[in-house]
Amino acid sequence: MLKGDAFARSGNYDEALSALDKAVRLDPQSALLYDVRGVVHALVGKTEEAIADFEKAIELDPRLAEAYVNRGIVRFWRCEVDGAMDDF
């Protein structure tokens with residue numbers, strides 16, 4: 001995940017997604033990996049993929065507050081105000 005996070009922070013989103021995809025394949029039970037990958041998907045405008053990642057993160061760890069907040073932000077961007085309010 002560190003590699004994916006570093007690529008994302010440097011603005012290299014394609015490399016970030018590639019690294020995070022690999023990390024998710026290696027550790028498919030990591031809610032944090034799905035959350036971070038969802039953020040990168042959101043940054044490149046792939047909102048469907050972002051929401052799917054946030055939902056998987058929430059499924060794996062319902063206490064991961066960041067995933068709810070991140071999903072709420074993306075829902076707000078998509079004008080899904082009721083869903084966003086539920087997440088916040």
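**Group meeting: a walk through a six-helix chain**

The protein chain here has 6 helices and 0 strands. Please keep in mind that this is a predicted model. Reading from the N terminus, the order of elements is α-α-α-α-α-α. The chain has 88 residues, and buried ones make up 41% of them. Its accessible surface is about 5300 Å², with 54% of that belonging to carbon and sulfur atoms.

How do distant parts of the sequence meet? Take the contacts with a separation of 6 or more: 35% of them are between residues 24 or more positions apart. One pair to look at is Val40 and Ala16. They are 24 residues apart along the chain, and their C-alpha atoms are separated by 7.4 Å. Val40 sits in helix H3. Is Val40 buried or exposed? Its relative accessibility is 2%, so Val40 counts as buried, the cut-off being under 20%.

Now go back a little, to the loop between helix H2, residues 13-26, and helix H3, residues 31-43. Ser30 is in that loop. Ser30 has 15% relative accessibility, so it also counts as buried. What does the side chain of Ser30 reach? It reaches the backbone nitrogen of Leu33, at 3.2 Å.

Next, helix H5. H5 has 13 residues, and at 1.5 Å a residue they should span 18 Å; the end C-alpha atoms are 19 Å apart, which agrees. Which residues of H5 are buried? They are Ala67, Asn70, Arg71, Gly72, Val74 and Arg75. As for their partners, the buried residues of H5 pack against H3, H6 and helix H4, which covers 47-60. After H5 comes Cys79, with a positive phi near 65°.

H5 also has a part in the surface. A nonpolar surface patch of about 720 Å² is formed by Val69, Ile73, Phe76, Trp77, Val81, Met85 and Phe88. Two elements give two or more residues to this patch: helix H5, residues 65-77, and helix H6, residues 81-87. Which of the elements gives the most? That is H5, with 4 residues.

One member of the patch is Phe76, which lies in H5. Phe76 has a relative accessible area of 52%, so it is exposed; the cut-off for that word is over 50%.

To finish, look at H5 once more on the model. Residues such as Ala67 and Val74 are buried, whereas Phe76 is exposed.

Notes: Residues are numbered from 1 along each chain as its sequence is written. This is a predicted model: local features need pLDDT of at least 70, side-chain atom pairs count only at pLDDT 80 or more; totals for chains, interfaces and linings use all residues. Side-chain values use heavy atoms; hydrogens and water are left out. Buried means under 20% relative accessible area, exposed over 50%, partly exposed in between (1.4 Å probe, protein chains only). A polar contact is a pair of N or O atoms within 3.5 Å; within protein, one must be able to donate a hydrogen and the other to accept it, and residues adjacent in sequence count only if both atoms are side-chain atoms. Patches are made of residues with over 30% relative accessible area and no salt bridge: like charges are joined within 9 Å, nonpolar side chains (Val, Leu, Ile, Met, Phe, Trp, Tyr) within 5 Å. Accessible areas come from the Shrake-Rupley method with a 1.4 Å probe; for residues, only the protein chains shown count as cover. A salt bridge is a side-chain nitrogen of Lys or Arg within 4 Å of a carboxyl oxygen of Asp or Glu. The expected span of a helix is 1.5 Å times one less than its number of residues. Contact means heavy atoms within 4.5 Å.
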